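Thanks for making time this morning. I would like to walk through one structure with you, moving from open space to enclosed space and then to a few details of packing.

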Amino acid sequence: MMDTPHDVFRAPVPFVNREAELAVLNEAWVDGPSGRPTVILIQGPAGAGKTGLVLHWANSMRQHFPDGCLFRDLRGYDVAEAPVRPELVLEEWLLRLGGLSGTELPPDGDGRHLRFSRLVAGRRLLMVLDNATGAEQVRLLIPAGGSAVVVVTSRDALAGLAADGARVITTDFLDQEHAETLLRDLVGDRTDHDPAAAGRLVSYCAGSPLAVRAVAGRLLVEPELSVRGLEAQLADERGRLRQLADPDDPRIDISAVIATSYRALSDGERQVLDVFGILPSEAGLDSYVASVLAGVDPARAAGLLRQLRRRHLVENLLGRYRVHDLVRLYVAAFGRVDRDVAADRLVTAFHGCVNHAFDLMNTGNPMVDAEYLERWRRGDPDGVAAVEAAASPSVWFDLERSNLVAAVRLACEVGRIPKLAARYACSLFYLLELGGHFDEWAEVESLAERALRVHPNRRDEARSLRNRGRLALVRVLDEQESLASDPAAVATGPVSCAEAVTLLERGRDLYHAEFAEYGHPVDRAGYATTLRELADALRIEAGGSPTSAAVAAAVAAYRAAEQVYRELGNDNAVASLELGLGIARSLSGDVVEAERLFRSSLAFAAPIQDGGPPRHSRLMAFSLRRLGDLRRGLGDRTAAIDLYGRGAAVLETWVPHDRVARGRALARQGITMIEHLRSGASTPTAADARAVLEQAVDLLAGHEREVAVAEAWLAEAMTAGSAGPVDESRHQARRADDGAGERRFGDGEVGVDRGPVPPGEVTHP
């Protein structure tokens, strides 16, 4: 006769969330197969609460298992002891349940399994097998028949057990809301005194119930310690893992728990996991970047990443691998990555990737590091494939941006700054500008200056000066380009290009000196580009008072740069230059020449084949936008509406993450529709204007002043259909007043036309 086992399940108290997992457990138990045990596998990362979940459920289900409950920790991840062999577990259970003596035990695992299966046949028994390390460790413990329910927990994805018919439940970490609830349930209303600090404290636990219990324990045993005080102690991530532990209870130590998983890895798995301590976790890594950092073949890196995923140490989100933040802190502290070597590998690879993406988006741009790129493409086909695997080069950059910037930081923090560090840092300018990441751009350029002090190089210094000058220029242009309804609001931002002029002049002179000494075409192209951007800055400085002499200086600089570009045979650069020159011509009142230049830049940028990608998508979008401004200023609103819409469509398809430029184009299209309706036109309708402006508001989210303007225009669109014609004389007077100055930029009041060509937008796409 079998004894009735009643193992004690020490379930965690309090218990929060997990309603979805509990529902699946109940469903699996109720709908289990007849004639054989119901097997449920609960898998998930270390510290996520798998054991707590199953013990909580088991406690609530005892009454449904009158023949007893068994619990066994299989110690699959124990540091001090080896995993428990299944035949030894069967020996324990047979001696305990069957009243056998040692001499009556079958000698082998298969015999013990058969004896145990006969013993429990027909009984309603709950079995919990905790911390299993593999399917083979579990199979012998599952009765061959009967109605037992067997719940297995593991940090690994036990595919073999799933293939045998086990129901699989994946348990992840708590979200922020439920983690905060758990902390409050543990420590009471102390969290209510400073909810912001409590929220940050919980965020440092990264959703781990074990980590939350660790900080709760600290607060409970140290009543003098405030929530804000403990939050301040955990703020420095370098010592965070030490704080997430109870020195008197080894079970509550998140670092020790992660260590047990880490030590179970193969050398190759550790080698790849360690690299996640190098770069920020929010971006994740693809298999190519992981292979670069680990110094292994990309195919091998991909295989090792899949293994780590099966062990729930990394997650795969659309081809990018991420680690839990506490795992990242663990490998950052204890991993064995040579940071100097990793930095050099990463800079070498990323410099090629960035220039490849840059060249794909803007073929022939003189600032592409063409010589390096040619060698890199031949030597690193996996890097080329990694960039081209994304939907577009701009999408690749958007996915990789935080890693690209982090690589610059890493390169300037290690003991041996890579020789390529400054040049790589400077190569990021185009992609950072594209997404409006100006603060990161400024940081990157500052780091490039630091690298240049270690590895001085005149060409790299010239490029650094040019980039910093361009950043100063772009900040002014971006402020002027914003949708400001009140010119005074624009004046709160940068209005002078004096800093840009100074930096660009220094960069121009260094490029000139380098070319004079060595005669390299790269330096000649750099000289022309810096000169062209100096012309942009001079044009803006002239914009406040566009006298013939002031504009002439800018035009002369454009023409000088154009001459060099034509000498070098760089049609791309000439086309981009024509956009800026067209704006300068419009300032001097030469609208016909301005339109010719805009159409010339558009013709170059447009797709070579129908239906194909633009030759230069950004230049195409901005040329359309400028033509829209011009036609709108001339009163040809029908053409302007079409041009703005086409420009927005190009951005949406080919530069999707430049949401601000697209939002501004749509906003201009919307206000022009309203102006057209108020002039007496019947199409497009007010509903069309509303739809366009609603899109603009969504795209400009985060830019509060511009959203306010777009929303004001949207409000006007609500009544535009019923309003009478606009007073054209008022608009003509306003155009005469506003068309004179580039600084007074903005689409002005609702229903107001601007001057011939509103200035602003960055002119070097």
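I will take the pocket, the cavities, two helices and one leucine in turn.

Please keep in mind throughout that this is a predicted model. Let me begin with the largest pocket, whose volume comes to about 1400 Å³, and whose lining is made up of 41 residues, with Thr51, Asp130, Asn131, Leu210 and Arg251 closest to its centre. Several elements contribute here, since α2 (50-60), β2 (69-73), α9, β7 (249-253) and α12 (254-263) each supply at least two lining residues, and among the contributors α2 gives the most, with 5 residues. In chemical character, the lining of this pocket divides into 22 nonpolar, 7 polar and 12 charged residues.

Now to the enclosed spaces. How many cavities of 30 Å³ or more does a search of the whole structure find? The search finds 3, and the largest of these has a volume of about 70 Å³. That largest cavity is lined by 13 residues, and those nearest its centre are Phe622, Arg625, Leu651, Ala661 and Ala665. The helices α31 (617-633), α32 and α33 (659-678) each supply at least two residues of this lining, which divides into 7 nonpolar, 1 polar and 5 charged residues.

Helix α32 deserves a closer look, and its length can be checked against expectation: at 1.5 Å a residue, the 18 residues from 637 to 654 should span 26 Å, and the end C-alpha atoms are indeed 26 Å apart, so the two values agree. Among the buried residues of α32 are Arg637, Tyr644, Gly645 and Leu651, and Leu651 is also one of the residues nearest the centre of the largest cavity.

A second helix, α10 (residues 227-235), has Val227, Leu230, Glu231 and Leu234 buried. Because these residues cover an arc of only 105° around the axis, they lie on the same side of α10. In general, an α-helix has 3.6 residues a turn, so residues three or four places apart point the same way. The buried residues of α10 pack against α8 (195-204), α9 (209-221) and α11 (240-243).

I will finish with Leu326, which sits in helix α16 (residues 325-334). Is Leu326 buried or exposed? Its relative accessible area is 1%, so Leu326 counts as buried. Leaving aside residues up to four places away in sequence, Leu326 touches Tyr204, Cys205, Ala206, Ser208, Ala211, Leu241, Leu244, Ile254 and Ile258. Of these contacts, Ser208 is 118 residues from Leu326 in sequence, yet their C-alpha atoms are 8.8 Å apart in space.

Definitions and conventions:
Residues are numbered from 1 along each chain as its sequence is written. This is a predicted model: local features need pLDDT of at least 70, side-chain atom pairs count only at pLDDT 80 or more; totals for chains, interfaces and linings use all residues. Side-chain values use heavy atoms; hydrogens and water are left out. Helices (H or I, at least four residues) and strands (E, at least two) are DSSP runs, numbered from the N terminus. The expected span of a helix is 1.5 Å times one less than its number of residues. Buried means under 20% relative accessible area, exposed over 50%, partly exposed in between (1.4 Å probe, protein chains only). On a 1 Å grid over the protein atoms alone, a cavity is a set of points where a 1.4 Å probe fits but cannot get out, and a pocket is an open set with protein on both sides within 12 Å along at least five of seven lines; lining residues have an atom within 4 Å of a point. Grid points are joined across faces, edges and corners, and a volume is the space filled by probe spheres set on the points. Ala, Val, Leu, Ile, Met, Phe, Trp, Tyr, Cys and Pro count as nonpolar, Asp, Glu, Lys and Arg as charged, and the others, Gly among them, as polar. Contact means heavy atoms within 4.5 Å. The arc is that of the directions from the helix axis to the C-beta atoms.
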